[in-house]
Amino acid sequence: SSGINAEYGVVSTQSTGEMVETFYSFHESLKSVEEVLDPYLSMPLDEMYDLLTPIEQAKSELTTAYTVNSLYWAFLTSQGAKLEQHPLKKEMERIQMYMRKVKLLECSLRGERPPTGHNPPTHQKIDKYAAARFIKRGLAKEKNMTDRLKEGETSSTEKD
C-alpha cells in the first residue's frame, strides 16, 4: 500500500512487497560491487600500487577522487543543495580534464589515435598526402603566375 511519511516528506507508491524486492535488488548489487572490489581491498594500498604502472596509478587516483566527489555530490543533492555554482562542480570538471589527459597519454603510448567524442583531441594528425597536394597546387599556381608575369614583361618590352 502507498503511504506518506510525514517526518521525511516521502510519498511511497510501492507496496511492501515491491519495496522488499527493491531492497533485495539493491543488496545484490552491493554484493556484486564488493566482489569486484575484493581483490583491491584484500591487500594494502602501497602493495597494490607497486603492482601498477604509473598510468594505472594515475587512473586509480583519479577514479577514487571522482568517486568520492560523486558521492558527496549525491549527498548534497539529497540535502537539496543548489550545486550549479558549488566549488565541487569545478573540482569534478578538473578531475574529468585530467582523466581525458591520461586517456590521451595512454593512446599516444600505444600509438593509437585518441578518442574524439565531445572533447576535441589536444593534437591533430596531419594527412601528409593532402598537405603534399595543397603544396604542389600552390607551387604550380605560383609558377603559372610567375610565367604570366614574365610573359607580360617581355611583351611590354617588345612594344617599346
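What share of the 160 residues in the protein chain is buried? Buried residues, those under 20% relative accessible area (exposed means over 50% and partly exposed in between, with a 1.4 Å probe and protein chains only), make up 11% of the chain. The structure is a predicted model, in which local features need pLDDT of at least 70 and side-chain atom pairs count only at pLDDT 80 or more, while totals for chains, interfaces and linings use all residues. Residues are numbered from 1 along each chain as its sequence is written, and side-chain values use heavy atoms, with hydrogens and water left out.

The secondary structure consists of five helices and two strands; these are DSSP runs numbered from the N terminus, helices being H or I with at least four residues and strands E with at least two. Along the sequence they follow the pattern β-β-α-α-α-α-α. Contact means heavy atoms within 4.5 Å. Among contacts between residues at least 6 apart in sequence, 31% join residues at least 24 apart.

Two of the helices, H3 and H4, deserve a detailed reading. Helix H3 covers residues 54–78. The expected span of a helix is 1.5 Å times one less than its number of residues. The 25 residues of H3 should therefore span 36 Å, and its end C-alpha atoms are indeed 36 Å apart. Just after H3, Gly80 takes a positive phi of about 85°. Helix H4 comprises the 24 residues 87–110, with an expected span of 34 Å, and its end C-alpha atoms are 35 Å apart, which agrees. Just after H4, Gly111 has a positive phi of about 75°.

How are H3 and H4 arranged relative to each other? They pack at an angle of about 155°, with their axes 10 Å apart; axes are lines fitted to C-alpha atoms, for helices over the stretch in contact, and angles run from 0 to 180 degrees between N-to-C directions. The two helices are therefore roughly antiparallel, a term for angles over 145 degrees, with under 35 roughly parallel, 65 to 115 roughly perpendicular and the rest oblique.

The buried residues of H3 are Ile55, Leu62, Asn69 and Leu76, and what covers them includes H4. In H4, the buried residues are Leu88, Met92, Ile95, Val102, Leu104, Glu106 and Cys107, and their cover includes H3. Among the residues that meet between the two helices are Tyr66 and Trp73 in H3 and Tyr98 and Met99 in H4.

One further residue of H3 is Glu56. Glu56 counts as partly exposed because its relative accessibility is 38%. The C-alpha atoms of Glu56 and Glu106 are separated by 9.7 Å, although the two residues are 50 apart along the chain.
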